Amino acid sequence: MMDDHKAMLEQVFGLSSDSEVEDSTLEDDRSLNHLVQNPIFQSVPQINGLWFCRDFLSSDQQYILLSTIRHEGWFEGASKNQAMRFGDLPAWSTELSDSIRELVLFSDDGFQGDGQTSALPWDLLWREPLFNQLIVNVYEPGEGICAHVDLLRFEDGIAIISLESSCVMHFSRVESAADGVENEGKSDSSSTRVPILLAPGSLVLMSGEARYNWKHEINRKPGFQIWEGRELDQMKRTSITLRKLCPSE
């Protein structure tokens, strides 16, 4: 069982440095090699601290990552659609964290050297661990998330990875403290909304203003998932959210 799980991780994230490999040129290379794929980070001009990468994971990597998640056995019951883990996270989620850090560092678009204009500020990028809390959600067609700001029990710097169905995430500015950070899950009443297309395999990073001063939501009911003038077909969607807990007092 452990060998099977290790093999899945190696397919998604590549072989570790101490692996014995006779031929490094594999016919079916599905490793997470960002230097080859060259994903591109994009900032969102309207929202400071909001960055996204449309092609963080390739189609093959998404497929194997989904298989690895199913291998955990978290969603075997029909009513189970969320798994939450704290502290000692699965190896594959730690590898995702390492890949996010690597991508920010080696992407010209996501890192400019001063630690302030990067996809993650310097102090967040080098904290250890980068993330220690994981949520995996499985959404059926029509299911989404209400407008909210993540709770203050989590530190700055949040990553969201989207798998399977595309969707539009909307951001709206927090009008007051009562309407935002203290109330995860409150509905949005703001008229100013910034849409972001989350394609399968995409990565979103939120820090600073984007994390604390803007709510995010995904309304997958008919008529709300519009991108470039057409409504997106809604299928099952899986999301991975990585956060870091604030130190306990």
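In what order do the four strands of the open sheet lie, and is the pairing parallel or antiparallel? In this predicted model, the order is β5-β10-β7-β8, and the strands pair in the antiparallel sense. The edges of this sheet are formed by β5 (145-148) and β8 (193-198), each of which has a pairing partner on one side only. From one strand to the next, the twist averages 20 degrees. At the β5 edge, the neighbouring strand is β10 (residues 214-218), and two bridges connect this antiparallel pair. A handy landmark for finding the pair on screen is H148, whose bridge partner in β10 is H216.

Stepping back to the whole chain, the protein contains six helices and 13 strands. Its length is 249 residues, and 49% of them count as buried. The accessible surface comes to about 13000 Å², with carbon and sulfur atoms contributing 48% of that area. Contacts between residues distant in sequence are well represented: among contacts with a separation of 6 or more, 80% link residues that are 24 or more positions apart.

A second set of strands is centred on β9 (residues 203-206) in this description. Which residues of β9 point one way, and which the other? L203 and L205 point to one side, whereas V204 and M206 point to the other, and all of these residues are buried. This arrangement follows a familiar rule, because side chains in a regular strand alternate between the two faces of the sheet. Strand β9 is joined to β2 (residues 50-53) by four bridges, and the two run antiparallel. Within that pairing, C53 is found opposite L203 of β9. Strand β6 (residues 158-164) is likewise joined to β9 by four bridges, again with an antiparallel course. Here I160 is the residue that stands opposite V204 of β9.

Among the helices, α3 deserves a closer look. Helix α3 spans residues 59-71, 13 residues in total, and its first and last C-alpha atoms lie 18 Å apart, close to the 18 Å expected at 1.5 Å a residue. Which residues of α3 are buried? They are Q61, Q62, I64, L65, L66, T68 and I69, so the buried set includes the glutamines Q61 and Q62 as well as the leucines L65 and L66, where buried means under 20% relative accessible area. After α3 comes G73, a glycine with a positive phi, near 80 degrees.

How values were computed
Residues are numbered from 1 along each chain as its sequence is written. This is a predicted model: local features need pLDDT of at least 70, side-chain atom pairs count only at pLDDT 80 or more; totals for chains, interfaces and linings use all residues. Side-chain values use heavy atoms; hydrogens and water are left out. Buried means under 20% relative accessible area, exposed over 50%, partly exposed in between (1.4 Å probe, protein chains only). Contact means heavy atoms within 4.5 Å. Accessible areas come from the Shrake-Rupley method with a 1.4 Å probe; for residues, only the protein chains shown count as cover. Two strands pair if DSSP finds at least two bridges between them. Axes are lines fitted to C-alpha atoms, for helices over the stretch in contact, and angles run from 0 to 180 degrees between N-to-C directions. The expected span of a helix is 1.5 Å times one less than its number of residues.
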